[in-house]
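Subject: A structure for you to look at

Hi,

Here is the structure I promised to pass on. Open it up and keep it beside this email while you read.

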Amino acid sequence: MKLEADYEVIPTSGIVSLNREHLVVICGPRLSPIVAQVLEGDDNLRFTKDRAWHLVDLQTNMEYRSPLDEDGTAGDVGYLGRLPRLDGKGTFLYIAGIHAIGASGVVHYLENHLAELYRDVKMRRFSTLISCRYDPATLEVLESSRVTPIYRHEG
């Protein structure tokens, strides 16, 4: 897309300023308590943990577990959403996988479906889950697909 970007590593404290324009955050909620708090505001999708971390669709009560945890298959599930900034002055794009490769799966999905996603949500808040399959030797994502509806967040 020929966009300029800066790269910043989230410190071990997990404290990151979400109040910036054009922000994309890629990290699991375990690594950032601030991101975890923002995710609590999603009434549709949630990271949770029992024997392993997984994602839950709160509207259908469907659980989405990583195939990597279930049977060792080279696949994962990731979260994609446009979430509210803490200052109330905009949104940021959030990407996270159950495992790190799940975030790569979400990016793969965006590479192949960005125009379609934009047609659906424009600049509004939303969240959805993306499943991916990857090559275990190279960690290259081979395919990705949306596994939940696109949930639109009002407000």
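One thing to keep in mind from the start: this is a predicted model.

Let's begin with the rings. The structure holds two aromatic pairs. One of them brings together Phe47 and Tyr79: their ring centres are 6.2 Å apart and the planes meet at 35°, so this pair counts as tilted. Planes under 30 degrees apart would be called stacked and those over 60 edge-to-face, with the rest called tilted. Phe47 sits in strand β2 while Tyr79 belongs to strand β5 (residues 75-84), so the pair ties together parts that are 32 residues apart in sequence.

Are these two residues buried or exposed? Phe47 has 12% relative accessibility, so it counts as buried. Tyr79 is buried as well, because its relative accessible area is 1%. The cut-off for buried is under 20%. Tyr94 joins in too: Phe47, Tyr79 and Tyr94 make up one aromatic cluster.

Now follow Phe47 back to its strand, β2. An open sheet is built from three strands in the order β2-β3-β4, and the pairing is antiparallel. The edges are β2 (45-49) and β4 (62-64), each of which pairs on one side only. From one strand to the next, the twist averages 35°.

Take the sheet one pairing at a time:

- β2 with β3: they pair in the antiparallel sense over five bridges. Leu45 has Asp57 in β3 as its bridge partner, and a hairpin of three residues joins β2 to β3.
- β3 with β4: strand β3 (residues 53-57) pairs with β4 over three bridges, again in the antiparallel sense. Val56 has Glu63 in β4 as its bridge partner, and Asp57 stands opposite Met62 in β4. Four residues lie between the two strands of this hairpin, and Asn61 in the turn has a positive phi of about 65°.

Why is β3 largely enclosed by the rest of the structure? Because four of its five residues are buried.

Next, the charged side chains. Side chains of opposite charge can pair when their charged atoms come close. The count here comes to seven salt bridges, and three of them are worth finding on your screen:

- Arg65 and Asp50 meet at 2.6 Å, N to O. Arg65 is in the loop between β4 and α2 (67-70) and Asp50 in the loop between β2 and β3, so to speak two distant parts of the chain, 15 residues apart. Arg65 counts as buried at 16% relative accessibility, whereas Asp50 counts as partly exposed at 42%. Glu63 comes in here as well, since Asp50, Glu63 and Arg65 are linked in a network of salt bridges.
- Arg20 and Glu8 have their closest N and O atoms 2.9 Å apart. Both residues lie in the segment before β1 (24-26), 12 residues apart. Arg20 is partly exposed, with a relative accessible area of 29%.
- Glu40 and Arg46 meet at 3.8 Å, N to O. Arg46 is partly exposed at 21% relative accessible area.

Last stop: His153, in the segment after β9 (151-152). With a relative accessible area of 11%, His153 is buried. Which side chain does the side chain of His153 make a polar contact with? The partner is Ser127, at 2.8 Å. Leaving aside residues up to four places away in sequence, His153 touches Asp42, Asn44, Leu83, Arg125, Phe126 and Ser127.

Have fun exploring!

Methods
Residues are numbered from 1 along each chain as its sequence is written. This is a predicted model: local features need pLDDT of at least 70, side-chain atom pairs count only at pLDDT 80 or more; totals for chains, interfaces and linings use all residues. Side-chain values use heavy atoms; hydrogens and water are left out. Two strands pair if DSSP finds at least two bridges between them. Axes are lines fitted to C-alpha atoms, for helices over the stretch in contact, and angles run from 0 to 180 degrees between N-to-C directions. Buried means under 20% relative accessible area, exposed over 50%, partly exposed in between (1.4 Å probe, protein chains only). Rings of Phe, Tyr and Trp (its six-membered ring) pair if their centres lie within 6.5 Å; planes under 30 degrees apart count as stacked, over 60 as edge-to-face and the rest as tilted. A polar contact is a pair of N or O atoms within 3.5 Å; within protein, one must be able to donate a hydrogen and the other to accept it, and residues adjacent in sequence count only if both atoms are side-chain atoms. Contact means heavy atoms within 4.5 Å. A salt bridge is a side-chain nitrogen of Lys or Arg within 4 Å of a carboxyl oxygen of Asp or Glu.
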